[in-house]
Amino acid sequence: MTASIETRTFHDQPALVLRTPGGAQAVVSLFGAQVLSWTPAGGSEWLYLSPQARHDGSTAIRGGIPVCFPQFATLGKLPKNGLVRTRPWSLGEQRSGDDFALVTLTTSEDDASYAAWPQRFSAEVTVIIENERLGVEFEVENTGHASFAFTAALHTYLRVREVENARLEGLHGHEYRDAADNDRIKRDSGEALVVEAETDRVYHDVQRPLLLRDGWRSLGINVEGFPDVVVWNPWEQRCAQLPDMPANGFRHMLCVEAAAARRRIELDAGEQWYGRQTLIAL
Ligand SMILES: O=P(O)(O)OC[C@H]1O[C@H](O)[C@H](O)[C@@H](O)[C@@H]1O
């Protein structure tokens with residue numbers, strides 16, 4: 001038996017379902033090239049998808065792994081978190097073997113993106129699953145004649161049983177910009193990060209793998225290419241302001257994002273850049 005890739009609808013939107021013979025499964029929406037669900041073999045769902053997420057193409061889907069490009073958050077004049085999470089992507093390559101399934105989705109500039117951000121680019125998201133592993137790679141090429149600069153993120157919403165009981169390890173000693181406290185620059189001194197209030201931090205130059213402990217289960221988080229890690233939880237008050245989140249949704253999610261946010265990435269004409277986030281169920 002080999003792994004499989006099936007095209008079907010998920011909340012009425014076209015999606016791909018990747019499965020390994022061992023029982024791992026991921027759902028990838030063509031809207032935004034967004035992974036919406038991931039269950040490792042023998043395990044349980046690791047991504048948070050809001051039960052009130054909109055799937056009608058009118059707005060970004062709240063949950064899973066949104067792709068933010070060419071702007072992370074509000075670090076510029078473009079719409080928050082960029083232009084590509086709210087557009088349909090095309091299916092490129094799909095491949096499977098005995099123990100993996102892989103799909104590549106692509107997009108490039110169109111009239112609407114060009115009007116907002118006058119650059120020519122092509123972007124690819126490659127999603128690969130193995131039994132215990134989910135890899136998401138974002139690649140961008142400058143297909144124009146002049147250089148451009150961007151910020152970006154894989155805005156991963158992890159599902160946790162109770163956010164106050166989850167522990168994120170590996171950020172000790174790192175400097176971060178605290179967007180929940182007037183963008184003050186601070187240094188993390190805790191053994192582990194436990195979220196007990198609104199949290200919106202950009203950790204700088206994180207080279208180490210991270211470990212998320214959620215009760216009896218743990219997740220390894222590896223990043224290549226993206227220099228920064230963003231940790232976000234809106235907590236009660238901000239969550240209540242999000243129309244596509246239930247009131248208690250913030251308790252069951254923790255965003256741990258692979259990001260290029262502190263410094264913009266510069267790409268000359270014809271140049272490529274890529275970054276990858278890998279989640280490993282332990
Ligand atoms: O509501 P969204 O546009 O999806 O943004 C959700 C969040 O994204 C990032 O993590 C930012 O750091 C947050 O400040 C922002 O609120």
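In this briefing, Lys and Arg count as positive and Asp and Glu as negative, while His and the chain ends are not counted. With that in hand, welcome to the protein shown above, which is a predicted model. By that count it carries 28 positive and 38 negative charges, and the mean positions of the two groups are 4 Å apart.

**Overall build**
- The secondary structure of the protein comes to two helices and 21 strands.
- The radius of gyration is 18 Å, close to the 19 Å that the globule rule gives for 282 residues, so the protein is as compact as a globular protein of that length.
- If you drew a box along the principal axes to hold the C-alpha atoms, it would be roughly 45 × 45 × 35 Å.

**Inside and outside**
- Of the 282 residues, 54% count as buried.
- The protein exposes about 12,400 Å², and 44% of that area is supplied by carbon and sulfur atoms.

**Contacts along the chain**
- Take the contacts between residues at least 6 apart in sequence: 64% of them join residues at least 24 apart.

**One residue to look up: Ser 218**
- You can find Ser 218 in strand S18, which covers residues 217-224.
- Is Ser 218 buried or exposed? Its relative accessibility is 14%, and buried means under 20%, so Ser 218 counts as buried.
- Leaving aside residues up to four places away in sequence, Ser 218 touches Trp 46, Leu 211, Leu 212, Arg 213, Ile 280, Ala 281 and Leu 282.

Definitions and conventions
Residues are numbered from 1 along each chain as its sequence is written. This is a predicted model: local features need pLDDT of at least 70, side-chain atom pairs count only at pLDDT 80 or more; totals for chains, interfaces and linings use all residues. Side-chain values use heavy atoms; hydrogens and water are left out. Helices (H or I, at least four residues) and strands (E, at least two) are DSSP runs, numbered from the N terminus. Buried means under 20% relative accessible area, exposed over 50%, partly exposed in between (1.4 Å probe, protein chains only). Contact means heavy atoms within 4.5 Å. The radius of gyration is taken over C-alpha atoms; the globule rule is 2.2 Å times the number of residues to the power 0.38. Accessible areas come from the Shrake-Rupley method with a 1.4 Å probe; for residues, only the protein chains shown count as cover. The place of a charge is taken as NZ of Lys, CZ of Arg, CG of Asp or CD of Glu.
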